[in-house]
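Trainee: Got a minute to go through this one with me? I'd like to start with the charged pairs and then move on to the fold.

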Amino acid sequence: MLTITRELRDRIVAHARADHPDEACGVVAGPAGSGRPERFIPMLNAARSPTFYEFDSGDLLKLYREMDDLDEEPVIVYHSHTATEAYPSRTDVSYASEPFAHYVLVSTAEGNGEGDPYQFRSFRIVDGEITEEDVQVVEAYPA
């Protein structure tokens, strides 16, 4: 299960909406080994595409060096789908290289449901296997 603060969830959704009609992408880092998403890091979709996302390789290298320096790891890798449901595509699965990360997808497609302008779903993707997991939204993490 992914436990995430309302603030982080809202920031991910806001990024997805702001970049629409292109896919948005980013990372939420947390202390190594904690599994706790804490630091929101929106990234530029180098592909600038409504159907595909790609992290800029230079930005990604910089991010991983920064996380190393701060003893962090990617807890969430997120991106948006602009015209389809929030479910990993074959391409998404092929790019999933963090076995311990939560892969969050936000759909900004029209018609997600009455009164529900987006979908926010989380998955584990390990060795090509997709497993959806529950998302628990909290106001704050326990001390």
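Trainee: Okay, which side chain does glutamate 132 meet in a salt bridge?

Mentor: Arginine 121, with N to O at 2.8 Å. Bear in mind that this is a predicted model.

Trainee: Where do those two sit in the chain?

Mentor: Glutamate 132 is in strand 7, residues 129–133, and arginine 121 is in strand 6, residues 119–126. They are eleven residues apart, so the pair counts as a link between distant parts of the chain.

Trainee: And arginine 121, buried or exposed?

Mentor: Buried, at 18% relative accessible area, because the cut-off for buried is under 20%. Its partner glutamate 132 comes out as partly exposed, at 43%.

Trainee: How many salt bridges are there in total?

Mentor: Eight. One of them joins glutamate 66 and arginine 39, where the closest N and O atoms are 2.8 Å apart.

Trainee: What does that pair tie together?

Mentor: Parts of the chain that are 27 residues apart in sequence, since glutamate 66 lies in helix 2 (residues 57–69) and arginine 39 in strand 3 (residues 39–43). Both ends are partly exposed: glutamate 66 has 31% relative accessibility and arginine 39 has 25%.

Trainee: Which residues are linked with Arg39 in a network of salt bridges?

Mentor: Glu66 and Glu72.

Trainee: What about arginine 11, which residue is its salt-bridge partner?

Mentor: Glutamate 7, at 3.9 Å from N to O. That one stays inside a single element: both residues are in helix 1 (residues 6–19), four apart, or about one turn of the helix. Glutamate 7 is exposed at 53%, while arginine 11 is partly exposed at 39%.

Trainee: Switching to the fold. What are the helix and strand counts?

Mentor: Three helices and eight strands. Following the sequence, you get β-α-β-β-α-β-α-β-β-β-β.

Trainee: In what order do the strands of the open sheet come?

Mentor: There are six of them, ordered 3-2-4-5-6-7, with mixed pairing. Strand 3 and strand 7 are the edges, each pairing on one side only. On average, neighbouring strands in this sheet are turned by 30 degrees against each other, ignoring direction.

Trainee: How do strand 2 and strand 3 run, parallel or antiparallel?

Mentor: Antiparallel, joined by five bridges, with strand 2 covering residues 25–31. If you want a spot to look at, cysteine 25 stands opposite methionine 43 in strand 3.

Trainee: Which strands does helix 1 lie across?

Mentor: Strand 2, strand 3, strand 4 (72–81), strand 5 (102–107) and strand 6. Helix 1 runs at about 5 degrees to strand 3. Helix 2 lies across strand 2, strand 3 and strand 4, and its angle to strand 3 is about 165 degrees.

Trainee: Last topic, overall shape. What radius of gyration does the chain have?

Mentor: It has 14 Å, which agrees with the value near 15 Å for a compact globule of 143 residues. The C-alpha atoms fill a box of roughly 40 × 35 × 30 Å along the principal axes.

Trainee: What share of the residues is buried?

Mentor: 43% of the 143. As for the surface, the accessible area is about 7900 Å², and 48% of that belongs to carbon and sulfur atoms.

Trainee: And the contacts, what percentage join residues at least 24 apart?

Mentor: 64%, taken among contacts between residues at least 6 apart in sequence.

Conventions
Residues numbered from 1 in each chain as written. Predicted model: local features only at pLDDT ≥ 70, side-chain atom pairs only at ≥ 80, totals over all residues. Heavy atoms only, no water. Salt bridge = Lys/Arg side-chain N within 4 Å of Asp/Glu carboxyl O. Buried < 20%, exposed > 50% of the residue type's maximum accessible area, 1.4 Å probe, protein only. Pairing = 2+ DSSP bridges. Axes fitted to C-alpha atoms, helices over the stretch in contact; angles between N-to-C directions. Contact = heavy atoms within 4.5 Å. Rg over C-alpha atoms; globule rule 2.2 N^0.38 Å. Areas by Shrake-Rupley, 256 points an atom, 1.4 Å probe, with all protein chains shown as cover.
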